[in-house]
There are 2 protein chains.
Amino acid sequence: MTGREAPRLRIACQQIAPAICQQEENRRTAKAAISEALGVGAGLIVLPELVTSGYVFRESDEVRSEALDRAAGVFDEWRELVAPSDAVVVGGFPELASDGRVYNSAAVVGATGILAVYRKIHLWDNEKRWFTPGGDVPPVVQTPFGKLGVLVCYDLEFPESVRALAIRGAEVIAIPTNWPLCPQPAGERPAVMIHAMSAARLSRVCVACCDRVGTERGTEWTGGSCIVDVDGWVLAERAKRDSGLISAEVDLVRARDKALNRHNDVLRDRRPDLYGALTDNG
Amino acid sequence: MTGREAPRLRIACQQIAPAICQQEENRRTAKAAISEALGVGAGLIVLPELVTSGYVFRESDEVRSEALDRAAGVFDEWRELVAPSDAVVVGGFPELASDGRVYNSAAVVGATGILAVYRKIHLWDNEKRWFTPGGDVPPVVQTPFGKLGVLVCYDLEFPESVRALAIRGAEVIAIPTNWPLCPQPAGERPAVMIHAMSAARLSRVCVACCDRVGTERGTEWTGGSCIVDVDGWVLAERAKRDSGLISAEVDLVRARDKALNRHNDVLRDRRPDLYGALTDNG
């Protein structure tokens with residue numbers, strides 16, 4: 001954007017196991033995960049969805065008791081950790097809004113504090129009982145390394161979401177997730193990872209999905225964290241259901257070039273006049 | 001739609017090798033391919049893009065000399081073949097329009113003749129030199145087996161296209177293609193097949209892509225014809241660059257149900273009010 005070649009960005013996803021309604025333990029887990037990722041030189045660190053609280057709630061009161069506002073100490077902790085290297089961390093939390101509503105949100109935290117909060121717009125299953133759906137378009141955040149888009153979990157299953165972020169300039173999309181385990185034929189990647197691969201290539205953006213692991217109140221998780229390059233190929237993945245860090249280096253300059261050849265460009269070739277059904281409300 | 005259970009549909013894709021500017025040979029090849037597919041009980045037969053003409057043109061005059069109008073005899077041949085079993089064939093051809101323009105089109109032919117012609121809206125590479133881009137939304141055609149959507153090749157790389165067809169009721173999408181061979185890491189499926197898998201699952205539609213094979217004026221093809229079910233898994237594929245028929249049986253009733261669980265539905269969960277960037281013209 002400045003004409004200056006951007007440095008390569010190391011992305012890390014921390015496939016950890018938040019514990020349901022154990023805020024203090026989850027704070028420690030997230031801190032350790034961020035520190036480890038900084039240790040490998042990560043400039044973008046992605047944590048799972050609802051990393052401060054766990055996911056499998058039993059009732060609304062439980063969610064509310066775990067909900068945090070934007071002044072919560074955990075975000076100061078993240079800021080203090082990433083400030084020295086100007087890194088950015090994206091992680092999920094149940095957000096208590098000033099009007100008392102609770103959202104399934106993701107915070108983007110950098111050296112100066114919270115850069116953006118995104119409230120998930122496509123809610124999955126019981127989330128519809130606990131959370132208010134977000135009412136704003138997903139953010140594109142200017143960061144030290146480039147333009148960062150944010151989605152949460154089920155949002156990835158709406159091709160409209162990734163595409164709209166790319167059109168608005170996102171170069172890398174961070175996606176905190178809690179993917180419940182789904183059936184998949186032998187030898188296949190998890191379906192959600194296939195979505196990430198396709199979405200990245202279709203819009204020539206990097207995609208970094210961070211899932212969780214651990215059995216929580218009987219729920220098993222996919223654990224398919226992945227970092228996908230602009231060609232749609234997986235640079236790093238943790239397809240099995242074990243915990244740990246994955247990381248990969250990407251060149252975001254490539255995400256600024258949408259050309260496929262001298263005649264084709266994945267965004268300029270769009271025919272928005274012929275996509276009317278996409279914005280019809282049924 | 002009638003309450004009556006639809007019979008299962010057998011889909012066939014014929015990964016054949018059209019010869020550039022050899023209309024008579026290509027007519028015979030297509031006839032034989034349709035006959036073979038009918039022999040395995042196919043109710044929907046998909047042939048490659050530009051199956052009547054070949055693909056790698058050298059100049060506009062060459063394209064124009066191969067262009068057919070909708071009264072061309074080849075479509076009568078296809079109709080005669082499919083009429084006894086009420087099957088439907090979808091195949092590509094260079095279309096000479098009444099105003100003299102030439103389009104990269106696909107014909108949908110059933111027992112009564114041409115049911116629809118779709119003019120490709122996203123043109124690839126040199127196609128921009130030979131063809132006028134289509135100006136109409138891709139069709140959803142009522143057929144004996146259900147609602148058929150049609151795209152051609154590079155259209156698949158616009159997630160807007162598949163999604164819009166699903167919103168408009170398409171249960172199965174036939175995609176004649178000519179996929180030039182692209183690099184892919186060892187052990188991976190062709191990227192285009194990954195797009196087909198993701199697109200099918202995201203909208204819970206069946207997708208049937210029919211590629212071509214054969215080296216044409218130095219161009220090699222991917223040859224990744226595939227039939228994908230509503231869960232996004234590949235039922236039949238021909239990933240290698242060899243010719244031949246693939247077929248699979250699908251239950252289109254499943255494509256009419258977009259529910260994932262008691263709370264989620266892949267189309268009703270959309271948030272069109274938050275997808276504005278998709279229909280912005282830049």
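Is Ala19(A) buried, exposed or partly exposed, and how many other C-beta atoms lie within 10 Å? In the predicted model described here, Ala19(A) is partly exposed, because 14 other C-beta atoms are found within 10 Å, a count between the 12 or fewer of an exposed residue and the 20 or more of a buried one. Ala19(A) belongs to the loop that joins β1 (9-15) to α1 (23-39) in chain A. Apart from neighbours within four places in sequence, the contacts of Ala19(A) are Glu25(A), Asn26(A) and Gly54(A). Between Ala19(A) and Ser98(A), which are 79 residues apart in sequence, the C-alpha to C-alpha distance is 26 Å.

As to confidence, chain A has a mean pLDDT of 95, with 97% of its residues at 70 or more. For the complex, the predictor gives an ipTM of 0.96 and a pTM of 0.97.

The relation between the two chains was examined next. A turn of 180° with a shift of 0.0 Å along the axis lays chain B on chain A with an RMSD of 0.0 Å. The two copies are therefore related as by a two-fold rotation axis. Contacts between the chains involve 40 residues of chain B and 40 residues of chain A. On the side of chain B that touches chain A, α5 (159-167) and α6 (191-203) each supply at least two residues. The largest share of that side, seven residues, is contributed by α6(B). By residue class, the side of chain B that touches chain A comprises 19 nonpolar, nine polar and twelve charged residues. Of the interface residues of chain B, 100% are also interface residues in chain A, so the copies meet through the same surface.

One residue of helix α5 of chain B illustrates these contacts. Arg163(B) lies in this helix and is buried, because 26 other C-beta atoms lie within 10 Å, where 20 or more are required. Once neighbours within four places in sequence are set aside, Arg163(B) is in contact with Pro159(A), Glu160(A) and Leu278(A) of chain A, and with Ser203(B) of chain B. Arg163(B) is separated from Arg189(B) by 26 residues in sequence and by 22 Å in space, C-alpha to C-alpha.

Helix α6 was then considered in both chains. In chain A, α6 (residues 191-203) consists of 13 residues and reaches 19 Å from its first C-alpha to its last, close to the 18 Å expected at 1.5 Å a residue. In chain B, α6(B) also has 13 residues and a reach of 19 Å, again close to the expected 18 Å. Both helices are mostly covered: 13 of the 13 residues are buried in α6(A), and 13 of 13 in α6(B). Just after α6(A), Arg204(A) adopts a positive phi of about 50°. In chain B, the residue following α6(B) is Arg204(B), with a positive phi near 50°.

Most residues other than glycine have a negative phi. Two cysteines of chain B also have positive values. Cys21(B), in the loop between β1 (9-15) and α1 (23-39) of chain B, has a phi near 60°. Cys21(B) is partly exposed, with 16 other C-beta atoms within 10 Å. Cys153(B), in the loop between β7 (146-150) and α5 of chain B, has a positive phi of about 45°. With 28 other C-beta atoms within 10 Å, Cys153(B) is buried.

The interior was described through the largest nonpolar core, which has 188 residues. The members that touch the most other members are Leu44(A), Val172(A) and Ala208(A), together with Leu44(B), Val172(B) and Ala208(B). Beyond its neighbours within four places in sequence, Leu44(A) is in contact with Leu9(A), Ile11(A), Ala87(A), Val88(A), Phe145(A), Val172(A), Ala174(A) and Ala208(A). Two of these partners, Val172(A) and Ala208(A), are themselves among the members of the core that touch the most others.

A further buried position was noted in chain B. Glu127(B) is part of helix α4 (residues 127-130) and counts as buried, because 24 C-beta neighbours lie inside 10 Å. Along the chain, Glu127(B) and Pro185(B) are 58 residues apart, and their C-alpha atoms are separated by 27 Å.

Key. Residues are numbered from 1 along each chain as its sequence is written. Chains are lettered from A and ligands numbered from 1 in the order in which they are written. This is a predicted model: local features need pLDDT of at least 70, side-chain atom pairs count only at pLDDT 80 or more; totals for chains, interfaces and linings use all residues. Two residues are in contact if their C-beta atoms, placed from the backbone, lie within 7 Å. Helices (H or I, at least four residues) and strands (E, at least two) are DSSP runs, numbered from the N terminus. Ala, Val, Leu, Ile, Met, Phe, Trp, Tyr, Cys and Pro count as nonpolar, Asp, Glu, Lys and Arg as charged, and the others, Gly among them, as polar. Copies are superposed by least squares on the C-alpha atoms of residues with pLDDT of at least 70 in both. The expected span of a helix is 1.5 Å times one less than its number of residues. A nonpolar core is a set of buried Ala, Val, Leu, Ile, Met, Phe, Trp, Tyr and Cys residues joined through C-beta atoms within 7 Å. pLDDT is the predictor's confidence in each residue, from 0 to 100.
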